[in-house]
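Work through the exercises below with the sequence and the coordinates at hand. Each task is followed by a solution in steps.

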Amino acid sequence: MFVGSHSSPAGKIYDEYVERSRSLRGVPCPSSTLQEKAEQSKAELNLTHEDKRLTAIVQDEPVNEEIKQQFQRINFSSSGISKRFLPAKLFSQSRKNSYHGVVLMQDGAVAMPVNPVENEASFKKVKDGLLSSITSAEELKETAGFDVNKDESTVSITVVGASGDLAKKKIFPALFALYYEDCLPKHFTVFGYARSKMTDAELRNMVSKTLTCRIDKRENCGEKMDQFLKRCFYDSGQYDSEENFTQLDKKLKEHEGGRLSNRLFYLSIPPNIFIDAVRCASMSASSANGWTRVIVEKPFGRDSESSAALTKALKQYLEEDQIFRIDHYLGKELVENLSVLRFSNLIFEPLWSRQYIRNVQLIFSEDFGTEGRGGSKFYDQGPIRLEDVVIGQYKSHIKGGITYPAYTDDKTVPKDSLTPTFAAAALFIDNARWDGVPFLMKAGKALHSKRAEIRVQFRHVPGNLYNRNFGTDLDRATNELVIRVQPDEAIYLKINNKVPGLGMRLDRSNLNLHYAARYSKEIPDAYERLLLDAIEGERRLFIRSDELDAAWSLFTPVLKELEEKKIIPEYYPYGSRGPVGAHYLAARYNVKWGDLGAEQ
Ligand SMILES: NC(=O)C1=CN([C@@H]2O[C@H](COP(=O)(O)OP(=O)(O)OC[C@H]3O[C@@H](n4cnc5c(N)ncnc54)[C@H](OP(=O)(O)O)[C@@H]3O)[C@@H](O)[C@H]2O)C=CC1
Ligand SMILES: O=C1O[C@H](COP(=O)(O)O)[C@@H](O)[C@H](O)[C@H]1O
């Protein structure tokens, strides 16, 4: 896995650079037209003031002067490439070295060469009432007379299910944050769509009341919010009515003002109405001259069959490249950082295998229950073997005179529900690198803490000279790398250290990268990153159908078994550390959950 693929803007810059570099150095290229292309681009490229600031600096000697000049002339701002992906530096390593080169991005990310991935098939045209793809910008220009690179295009973002919890809590605030940060295109409109009757003013009022996002306390927030709200509109309609979506289409067109129109639909509705909404949106409200993309929320089915059926149904109306399956955890800052941490730090490279790692833990806990959202199945995933799974359900608990409800007290939940609100599982990766290393996962609601973290526990130092000097349990005195996704983002490495003084006593200390202390910049919400990616057509953090199939094929057999055998979940008190069974499961593999010890 590499950071920055050829499907990303960074990857594309890299590709372009490598192609040109190869052709100008006389290195045989897969395509004989590369030299022509390079010459052509050279003639086409202009340099504006801003581009000069952003232009890449070619540092390394082996790069031909002509390539250097060409690269410096790339007009980034007019190429439709997001500033966040622009390179700060570019260098090519010596030809003696087997690496080709990397592009350092402005935000510190690194783009490296990977196999090309065909990505863009998102432009749609309506032909004989059927939707088919426009696969290239050239074709689009030919068909519609539009140039995608001109900023005269517009993006309409329709939040389907705008009256709902997710829309209020996450989607509108994220859109506002993007607007505040100047990340949305010049011409954009936000439409709320749902069955509830609302006027534009009422939607704006609803949105303004719930715009509790990280931007709240920033400069000119009120002013910016007013500007943003002026771009928000509402249309009421049914999710299964093509007629209602035709009406939405009309309204969208009015705002698009004859520009090339790109349309993003965010399906923030219950899954049973996904297909109706997709059918209606694609048949009656998809863009006639730009791209149409649809963000689909979880859950993506409940097992292999239902997930495949959902994908099949979606694909009746959309191509895979138009479907953006969102799991917002993939957009969390520290999840994005995982591959950087792993692949840009040589210290981890030799350690990253069964030889040094004894277990990996993925922990997700919430300190609140379902709170009226108990209708769906929550932690219904499981690993391959039933004996490697523990499921639990929270029960009522009284603490400090307060009664905390049981899962089955939720009015959206049947009293006899066996739905798990907690699951723990042990999984193994069947390859040479990870053979025998347990990957333990647990996730649950109504637990003692709210956290999401990844813990990589290392093995013992063989024949440790200082065994006798540990004040603590030797078994726990192994290195541990903790990636705290939330709250209070941090990456820390537990090491053994001499306690200062004349004696020789060791303790456990942390080498700590605490984000709040290290970086002054606020961390964007995952929905901001993912919405921006969807607008830019960046699919890297969205789930492809084959990935989804692979995930379901792991979990479906055990889910069936749990259901068929009517396994009763182990009850745990609201606010506790979860079912005791999870500790036995870990103990079976000689593991202690890293989040439960005295020092974490
Ligand atoms: N809320 C969250 O934190 C998260 C939600 N999700 C997913 O996002 C999607 C939206 O979630 P959320 O906002 O909580 O959902 P809601 O239950 O709030 O539903 C969203 C809107 O859909 C409409 N709706 C609800 N039920 C029905 C129904 N049975 N038939 C037709 N329309 C209905 C309602 O609008 P109206 O009546 O006005 O048409 C409602 O406001 C779901 O797929 C959910 O699984 C994923 C992660 C987190
Ligand atoms: O996707 C989901 O995530 C939320 C938690 O999101 P967070 O970013 O606030 O940690 C969870 O409550 C919900 O059940 C789940 O569907």
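The exercises cover confidence, the ligand shell, helix packing and backbone geometry.

This is a predicted model, in which local features need pLDDT of at least 70 and side-chain atom pairs count only at pLDDT 80 or more, while totals for chains, interfaces and linings use all residues. Residues are numbered from 1 along each chain as its sequence is written, and chains are lettered from A and ligands numbered from 1 in the order in which they are written.

**Exercise 1. State the confidence of the model and find stretches where the pLDDT is below 50.**

Step 1. pLDDT is the predictor's confidence in each residue, from 0 to 100. Its mean over the protein is 79, and 71% of the residues reach 70 or more.

Step 2. Residues 143-150 have a pLDDT below 50, with 16 contacts in the model beyond near neighbours in sequence. Residues 377-382 are also below 50, and this stretch has 24 such contacts. Two residues are in contact if their C-beta atoms, placed from the backbone, lie within 7 Å.

Step 3. Where pLDDT is low, predicted coordinates should not be read in detail.

Step 4. The scores for the model are ipTM 0.98 and pTM 0.77.

**Exercise 2. Describe the shell around ligand 1.**

Step 1. A residue is near the ligand if its C-beta atom, placed from the backbone, lies within 6 Å of it. There are 18 residues around ligand 1, and Gly164, Leu166, Ala194, Arg195 and Ser196 come nearest.

Step 2. Sort the shell by class: 9 residues are nonpolar, 5 polar and 4 charged. Here Ala, Val, Leu, Ile, Met, Phe, Trp, Tyr, Cys and Pro count as nonpolar, Asp, Glu, Lys and Arg as charged, and the others, Gly among them, as polar.

Step 3. Helix H6 (residues 165-180) contributes the most, with 3 residues. Helices (H or I, at least four residues) and strands (E, at least two) are DSSP runs, numbered from the N terminus.

**Exercise 3. Classify the packing of H6 with H15 and of H10 with H11 by angle.**

Step 1. Axes are lines fitted to C-alpha atoms, for helices over the stretch in contact, and angles run from 0 to 180 degrees between N-to-C directions. Angles under 35 degrees count as roughly parallel, over 145 as roughly antiparallel, 65 to 115 as roughly perpendicular and the rest as oblique.

Step 2. The axes of H6 and helix H15 (residues 526-536) come within 8 Å and cross at roughly 70 degrees, so these helices are roughly perpendicular. Lys170, Ile171, Ala174, Leu175, Ala177 and Leu178 of H6 meet Tyr527, Glu528, Leu531 and Leu532 of H15. This contact has 8 nonpolar, no polar and 2 charged residues.

Step 3. H10 (residues 274-284) packs against helix H11 (residues 304-317) at about 10 degrees, with the axes 9 Å apart. H10 is therefore roughly parallel to H11. Phe274, Ile275, Val278, Arg279 and Ser282 of H10 meet Leu310, Ala313, Leu314 and Tyr317 of H11.

**Exercise 4. Locate the cis peptide bonds and a positive phi outside glycine.**

Step 1. Lysine 298 and proline 299 are joined by a cis peptide bond with omega about 0 degrees. Proline 299 sits in the loop between strand S10 (292-296) and H11.

Step 2. Another cis bond joins glutamine 486 and proline 487, with omega about -10 degrees. Proline 487 is in the loop between strand S19 (480-486) and strand S20 (490-498).

Step 3. Alanine 446 has a positive phi of about 55 degrees, and lies in the loop between strand S17 (439-444) and strand S18 (451-458).
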